[in-house]
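Got your viewer open and your selection box ready? Let's take a short walk through a few side chains and one helix.

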Amino acid sequence: MIHRFEDLKRLYKGAASLRYVGAGTAVGAEIDDPDESDPRDEFLATATHDETMQAVETEPGLPTPGPTPADEAPPATEANPYLDFDLAPGDVAKLQDCGVRPKDAVDAGFTRVTSSEAAFRLNRVDTGDLEGILVPYRLLGAGLSHCRVILDRPIKLKTSKGKLVPVLQPVASTNHLYYVPGTTPAVLDDSSVQVLLCDSECGALAALQLRKEGQPPILPVGVGGAWGWRKSRVFDDPDGGETKVEKGPVVDIEEKIAQEGRRIIIAFGSDAAKDAGVKAARAALVKFLKKQKVIYSRA
C-alpha cells in the first residue's frame, strides 16, 4: 500500500508495475466522512502515467514556516565587555602588577593601540615605537577630554634630557585630572567625600579596592605624574605681544577637589622620599592645599 506521494513518485520513476489502492498525503484529509470520495482518488484511478507524474511534481508539500516577525525575533546577544576586550594578556599582567583589576581596566576603557594609532591620538608626526595601552580621560558627561599612552618600551624625547619616558600625552596639551569610572559631579561637589590623590591613573584604579561598605566614602583621583596636578600652557598674546606661559594648578583641582574642609590624602609613589623631583612636587602640592584650607595628610 502506498501512503505518501513521495512513495508514488519513487515507484513511478523506477518504472515499477503497481496497482493503485489508495493514497494519502502528509497533510490531513479535508474529507472526514468515509462515504465521500476524494477527487484525487478518482483522478489517479484513471490517469495515465504522464498525468500522474505531472500531478506528483505539482503536489504542494508541507507548508514551510514563514520568517519570524521582527518584533518576535529573539533578542541579539549583547557582547560581554569582560570577555571581549581589546587588551593583550601581557597588558592584563602589567596592569595587575600595578594593582589594577582587569574589571576596573575594562570599565575605564583601557585598550591596546598600535604605534600609528598612538601617534594619531597623541598628535605626533613621528610613528616610532609608540605601541602601548591607551588610557582615556573621560569627561563627567559624555565624551573624552584627554588621553595618555602607557608605552610598551619607554622612549627618549628631545625634551626629556636623556631620560626615558614611559608615558606620553598629546603634544602641546596641558595636564588633566584622571577620574575613575563612576565619578559624578555630585560626588565632586560633596566636600564630605575624602579624596585620595594618586600619582598615576593605575594608582587611582588600584585604590578602588579600598572602598568598603560601612566606611567613609573615598574618591580616588589620578594625576599624570608627581607634577601632573599643575598645568603649563603656552599661548600667543592676542595683542600680538610675546608668547606667554601660563602655570599653576589645573583647573579641576582648584575648583572641584580642593574645597575648604575636605580631607585630601596625598598618595604618591614609594620613591617620594628619595626622588628629589617627586619630593619637591609633593611639597608644592602641600603648600597649595594649605592655602585652600583643606585637611590634608600623606599616605
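The stops below go from aromatic rings to a buried acid and then along a helix. Keep in mind that this is a predicted model.

**Stop 1: a pair of tyrosines**

Start by selecting Tyr-137 and Tyr-178 and showing their side chains. How are the two rings arranged? Their centres are 5.1 Å apart and the planes meet at 70°, and anything over 60 counts as edge-to-face, so that is what this pair is. Now colour by strand: Tyr-137 belongs to β2 (residues 132-138), while Tyr-178 is part of β5 (residues 177-179). The pair therefore ties together parts that sit 41 residues apart in sequence. Switch on a surface, and note that both Tyr-137 and Tyr-178 are buried.

**Stop 2: Glu-201**

Keep those tyrosines on screen and add Glu-201, which you'll find in helix α8 (residues 201-206). Is this acid buried or exposed? Its relative accessibility is 3%, and the cut-off for buried is under 20%, so Glu-201 counts as buried. Select Arg-148 next: its side chain makes a polar contact with the side chain of Glu-201, at 2.7 Å. Leaving aside residues up to four places away in sequence, Glu-201 touches Val-135, Tyr-137, Arg-148 and Tyr-178, so both rings from the previous stop turn up again here.

**Stop 3: more rings**

Select Trp-227, Trp-229 and Phe-288, which ring pairs link into a cluster. Then add Arg-230, whose charged end sits over the ring of Trp-229, 5.6 Å from the ring centre.

**Stop 4: along helix α10**

Phe-288 also leads us to the last stop, as one of the buried residues of α10. Select residues 276-291 to see the whole helix. With 16 residues at 1.5 Å each, α10 should span 22 Å; its end C-alpha atoms are 23 Å apart, which agrees.

Which residues of α10 are buried? Colour Val-278, Ala-281, Arg-282, Leu-285, Val-286, Phe-288 and Leu-289. Viewed around the axis, they cover an arc of only 165°, which means they lie on the same side of α10. The general reason for such patterns is that an α-helix has 3.6 residues a turn, so residues three or four places apart point the same way. Spin the view to the face turned away from the buried side, and you'll meet the exposed residues Ala-276, Lys-287, Lys-290 and Lys-291.

Finish at the two ends. At the start of α10, a side-chain oxygen of Asp-275 reaches to within 2.8 Å of the backbone nitrogen of Gly-277. After the helix comes Lys-293, with a positive phi near 60°.

Technical notes
Residues numbered from 1 in each chain as written. Predicted model: local features only at pLDDT ≥ 70, side-chain atom pairs only at ≥ 80, totals over all residues. Heavy atoms only, no water. Phe/Tyr/Trp six-rings, centres within 6.5 Å; stacked < 30°, edge-to-face > 60°. Helix = DSSP H or I, 4+ residues; strand = E, 2+ residues; numbered from the N terminus. Buried < 20%, exposed > 50% of the residue type's maximum accessible area, 1.4 Å probe, protein only. Lys NZ or Arg CZ within 6 Å of the ring centre and 35° of its normal. Polar contact = N/O pair within 3.5 Å; in protein donor to acceptor, adjacent residues only side chain to side chain. Contact = heavy atoms within 4.5 Å. Expected span 1.5 Å × (residues − 1). Arc of directions from axis to C-beta.
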